[in-house]
Amino acid sequence: MSRLILVAGLLVWAGATLLLSQWRRTSRLSLADRLRPFHPGSTEARRPTDPMSVDSLGQVLLPLARRAGDRLARVFGVAEPLEVRLRRVHSPVAPGAFRLRQLAL
């Protein structure tokens with residue numbers, strides 16, 4: 001009896017998987033369709049970013065990371081501004097992005 005229940009359960013699971021994979025709400029776009037907006041020759045415009053995207057999170061965290069990094073630098077006795085030090089090593093990275101990367105590690 002338990003084998004029959006196990007086989008029936010596996011068949012229901014497989015059937016539900018097949019049905020849900022064809023339902024538009026649960027099916028995933030193909031890789032080509034997902035990458036198309038990022039292709040340089042694409043005519044499809046990029047979608048606007050939603051308010052909870054990484055860009056908006058970066059806009060919130062950048063000033064906080066910069067302030068925290070500057071305070072830590074002062075605690076450790078670094079008096080020279082970060083912009084000057086980055087310019088000296090010819091770094092293309094912005095000071096806020098540099099501080100954010102430092103705090104993320």
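1. The side chains of Glu83 and Arg66 form a salt bridge, with N and O 1.8 Å apart. This pair ties together distant parts of the chain, since Glu83 belongs to helix 4 and Arg66 to helix 3, 17 residues apart. Glu83 is partly exposed, at a relative accessible area of 30%. Arg66 is also given as partly exposed, with 30% relative accessibility. The model is a predicted one, and the distance quoted here is computed from its atoms.

2. How confident is the prediction? The average pLDDT of the protein chain is 82, and 85% of the residues score at least 70. Among the elements, helix 4 (residues 82-88) has the highest mean pLDDT, 92. Helix 3 has the lowest, 82. Where pLDDT is low, the predicted coordinates should not be read in detail.

3. Next, the overall layout. The protein chain has five helices and zero strands. Written along the sequence, the pattern is α-α-α-α-α. Of the contacts with a separation of 6 or more, 37% are between residues 24 or more positions apart.

4. How much of the chain is buried? Buried residues are 10% of the 105 residues. The exposed area of the protein chain is about 9500 Å², and carbon and sulfur atoms supply 65% of that area.

5. Helix 1 can be checked for length. Helix 1 covers residues 2-22, which is 21 residues, and at 1.5 Å a residue it should span 30 Å. The C-alpha atoms at its ends are 31 Å apart, so the model agrees with the expected span. Helix 1 is hardly covered: zero of its 21 residues are buried.

6. Which residues does Arg99 touch, leaving aside those up to four places away in sequence? The list is Ala65, Arg66, Gly69, Asp70, Ala73, Leu82 and Arg85. Arg99 is placed in helix 5. Its relative accessibility is 5%, and because buried means under 20%, Arg99 counts as buried. A student might look at Arg99 beside Arg66, one of the residues it touches, which is the partner of Glu83 in the salt bridge of point 1.

7. Gly96 is another residue of helix 5 (residues 95-104). Is Gly96 buried or exposed? Gly96 is buried, because its relative accessible area is 9%, and the cut-off for buried is under 20%. Not counting residues up to four places away in sequence, Gly96 touches Leu62 and Arg66. Arg66 is thus named in the contacts of Gly96 and in those of Arg99. Gly96 and Gly58 are 38 residues apart in sequence, and their C-alpha atoms lie 9.6 Å apart in space.

8. How many salt bridges does a search of the whole structure find? The count is four, including the Glu83 and Arg66 pair already described. Another joins the side chains of Asp33 and Arg36, at 2.7 Å from N to O. Asp33 is partly exposed, with a relative accessible area of 32%, and Arg36 is partly exposed too, with 39%. Glu80 forms a salt bridge with Arg88, where the closest N and O atoms are 2.4 Å apart. Glu80 is partly exposed, at 33% relative accessibility.

9. Turn now to the surface. Leu72, Val75, Phe76, Val78 and Leu103 make a nonpolar surface patch of about 510 Å². Val75, one of these residues, lies in helix 3 (residues 54-75). Val75 counts as exposed because its relative accessibility is 65%, and exposed means over 50%.

10. A last point concerns the backbone at His90. His90 has a positive phi of about 60°, although it is not a glycine. Where does His90 lie? The residue sits in the loop between helix 4 and helix 5. At 71% relative accessibility, His90 counts as exposed.

Conventions:
Residues are numbered from 1 along each chain as its sequence is written. This is a predicted model: local features need pLDDT of at least 70, side-chain atom pairs count only at pLDDT 80 or more; totals for chains, interfaces and linings use all residues. Side-chain values use heavy atoms; hydrogens and water are left out. Patches are made of residues with over 30% relative accessible area and no salt bridge: like charges are joined within 9 Å, nonpolar side chains (Val, Leu, Ile, Met, Phe, Trp, Tyr) within 5 Å. Accessible areas come from the Shrake-Rupley method with a 1.4 Å probe; for residues, only the protein chains shown count as cover. Helices (H or I, at least four residues) and strands (E, at least two) are DSSP runs, numbered from the N terminus. Buried means under 20% relative accessible area, exposed over 50%, partly exposed in between (1.4 Å probe, protein chains only). pLDDT is the predictor's confidence in each residue, from 0 to 100. Contact means heavy atoms within 4.5 Å. The expected span of a helix is 1.5 Å times one less than its number of residues.
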